[in-house]
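User: Please examine the model shown here and answer some questions on its strands, its buried residues and its nonpolar cores.

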Amino acid sequence: MVISMRIINNEVLRKNIQSILKTNAVMLVVKDNAYGFGICNVVNIAKAMHVRDFAVKSVSEGTFIKMIYKEANVLILGKIDPKDIKEIKKYNLIPTINDYDDYLLFKENQIPSHLAIDTGMNRFGMKSGYLAVINDSIVKAIYTHCYDDNNSTKIKTLERLSKNYLKPVHIGGSVAYGKTKEMLRVGRIIYENALYFYGQIVNIKHLKKGETIGYDGVYEAKGTEIVGICNVGYSDGLNLFYHGSVCIHGAYYSVIGKCCMDHCFILIDDNVKILDEVEFFGKTIPEDEFIKQNRMTKYEMFLQINKQGLTN
């Protein structure tokens, strides 16, 4: 049987959340199906740990959480369509005031909201004018997003506003971890090292010197070589020219040539057999090493690899 290529370690997810809870209250970012880790899976883990605060990008994600966790507090990070006001009220979702028009809409409908303050990323949030609305009773909390490591001024600004206007605050971005005692709104660090990525040897080819393998024949055998065909390709998240190491039976082997949509090529030896498990990252190879060799960010990796089916 061909093994699953993706394994989620829920115990690591729990430990990551628990580590944050030792120093901060936490709002878990579970947008885009919890970065592909499964919104239902992550919310249920959090629920068992008595975590109640979540952030999503859409009303549909928010209503789903409320249906499986009625007591949850769910913040909608993105812009709200006025047509969704009825749904927001029905499920007691928390919209974000990103600009003055948002404020007027939520004020008119008396919807408790959180005020986003743009501290330089220029994506969402109010850059100015927020002092005119911050005291309103519909504003239940204020927040910002730390988008780089130079975040001490941003954090201090929000902490000062919180103190001056007696409003709760939450600070987003995993780079803010360890730099404030306020509530953290985080995604990446709760998912780190909780994903394992495996494939399987599905065929073996013996090459003679000068023979090529794969599309465009970009790899040419330097002598008599053995190549394992693995059932992982660029549709599964590999870079087209991924040439990192994999682990098979505790030994390291190199990926060669040009990846196919569903397969890649691994330079192996006689110790490797058909149906052997191939680790791209997991218990032996760190995910950071895979990310470096695959030339992608951690966020890209989560979403690309997590397109595969869920296995716990």
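Analyst: The answers that follow concern a predicted model.

User: Which strands pair with strand β7, and in what sense?

Analyst: Strand β7 spans residues 139-145. Strand β6 (residues 113-116) runs parallel to β7 and is joined to it by four bridges, with Ala116 opposite Tyr143. Strand β8 (residues 169-172) also pairs with β7 over four bridges, and here Thr144 faces Ile171. The partners are thus β6 and β8, and the sense of the pairing is parallel.

User: What is the handedness of the crossover from β7 to β8?

Analyst: The two strands pair in the parallel sense. Between them the chain passes through helix α7, residues 152-165. This β-α-β crossover is right-handed.

User: How many of the seven residues of β7 are buried?

Analyst: A residue counts as buried when its relative accessible area is under 20%. By that criterion β7 is mostly covered, and the number of buried residues is five.

User: Is Gly172 buried or exposed?

Analyst: Gly172 belongs to strand β8. Beyond its neighbours within four places in sequence, Gly172 has contacts with Thr144, His145, Cys146 and Arg185. Because its relative accessibility is 0%, Gly172 is classed as buried.

User: How far apart are the C-alpha atoms of Gly172 and Cys230?

Analyst: Along the chain, Gly172 and Cys230 are 58 residues apart. In space, the separation of their C-alpha atoms is 39 Å.

User: With which side chain does the side chain of Thr180 make a polar contact?

Analyst: Thr180 is located in the loop between β8 and β9 (183-186), and is buried at 7% relative accessible area. Leaving out residues up to four places away in sequence, Thr180 touches Asn24, Ile155, Glu159 and Ile171. A polar atom of the Thr180 side chain also lies 3.1 Å from the backbone nitrogen of Glu182. The side-chain to side-chain polar contact, at 2.7 Å, is with Glu159.

User: Which helix gives the most to the largest nonpolar core?

Analyst: The largest nonpolar core comprises 96 residues, and those with the most contacts inside it are Val30, Phe37, Leu115, Tyr191, Ile266 and Phe280. The greatest contribution to this core, five residues, comes from residues 39-48, which form helix α3.

User: How many residues are in the second, separate core?

Analyst: In soluble globular proteins, nonpolar side chains tend to be buried together. The second core is separate from the largest one, and its members include Ile213, Tyr219, Ala221 and Phe265. Its number of residues is nine.

Key
Residues are numbered from 1 along each chain as its sequence is written. This is a predicted model: local features need pLDDT of at least 70, side-chain atom pairs count only at pLDDT 80 or more; totals for chains, interfaces and linings use all residues. Side-chain values use heavy atoms; hydrogens and water are left out. Buried means under 20% relative accessible area, exposed over 50%, partly exposed in between (1.4 Å probe, protein chains only). Two strands pair if DSSP finds at least two bridges between them. A crossover is right-handed if, with the strands pointing away from the viewer, the path from the first strand over the helix to the second runs clockwise. A polar contact is a pair of N or O atoms within 3.5 Å; within protein, one must be able to donate a hydrogen and the other to accept it, and residues adjacent in sequence count only if both atoms are side-chain atoms. Contact means heavy atoms within 4.5 Å. A nonpolar core is a set of buried Ala, Val, Leu, Ile, Met, Phe, Trp, Tyr and Cys residues joined through side-chain atoms within 4.5 Å.
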